[in-house]
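Student: I should like to learn how to read the fold and the core of a protein model. Could you take me through one case?

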Amino acid sequence: MESYYEYRHLVGFEETNLVGNVYYVNYMRWQGRCREMFLRDEAPEILPDIRDDLKLFTLKCECEFFTEITAFDELSIRMRLEDLTQTQIGFAFDYVRLRDGFEELVARGRQRIACMRGPNTDTRPTRVPDPLRAALSRYAVPLAAGGRRVSESIGEG
């Protein structure tokens with residue numbers, strides 16, 4: 001079993017700019033889509049809660065780009081749990097181009113969300129639901145020696 005949740009995506013023309021490379025905002029969109037598909041596939045029992053009053057607020061979203069991608073590139077967006085607190089979740093994303101049996105890391109991103117409850121005019125932090133915690137635990141970034149995340153030990157933090 002892989003240590004990441006994978007969302008596959010085929011880049012379309014509508015995701016590129018006039019020069020022909022992928023417009024940067026699409027990387028953020030793919031992070032959200034990967035997160036949604038994770039909920040559908042790995043934690044479907046919390047979907048009724050989200051339809052009720054559980055809200056997942058995005059607090060921070062970032063992406064570092066290594067090389068350009070274009071229309072018809074096949075991507076694997078790989079999501080891992082980077083950290084988990086009582087009310088917040090930190091995700092790490094690798095954007096990997098799949099071509100002719102080879103994989104190339106083209107970008108890396110992060111996202112932090114907060115779990116909230118209540119009406120839109122009075123939302124308050126709430127604990128990450130247990131079923132979501134359980135689903136996320138399968139995709140935790142492994143710890144390196146010294147208690148640092150592997151992603152931090154290779155120069156990211």
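Student: In what pattern do helices and strands follow one another along the protein chain?

Tutor: Helices (H or I, at least four residues) and strands (E, at least two) are DSSP runs, numbered from the N terminus. Here the protein chain reads β-α-α-β-β-β-β-β-α-α, with four helices and six strands. This is a predicted model, in which local features need pLDDT of at least 70 and side-chain atom pairs pLDDT 80 or more, while totals for chains, interfaces and linings use all residues. Residues are numbered from 1 along each chain as its sequence is written, and side-chain values use heavy atoms, leaving out hydrogens and water.

Student: Which strand does β1 join, and how do the two run?

Tutor: Two strands pair if DSSP finds at least two bridges between them. β1 and β3 run antiparallel, joined by six bridges; Tyr7 has Ile77 of β3 as its bridge partner. The covered face of β1 holds Tyr5, Tyr7 and His9, whereas Glu6, Arg8 and Leu10 form the uncovered one.

Student: Which residues have the most contacts inside the largest nonpolar core?

Tutor: A nonpolar core is a set of buried Ala, Val, Leu, Ile, Met, Phe, Trp, Tyr and Cys residues joined through side-chain atoms within 4.5 Å; buried means under 20% relative accessible area with a 1.4 Å probe, protein chains only. The largest such core has 33 residues, and Trp30, Phe38, Tyr95 and Leu132 have the most contacts inside it. α1 gives the most to this core, six residues.

Student: What does Trp30 touch?

Tutor: Contact means heavy atoms within 4.5 Å. Leaving aside residues up to four places away in sequence, Trp30 touches several residues, including His9, Ile77 and Tyr95.

Key
Buried < 20%, exposed > 50% of the residue type's maximum accessible area, 1.4 Å probe, protein only.
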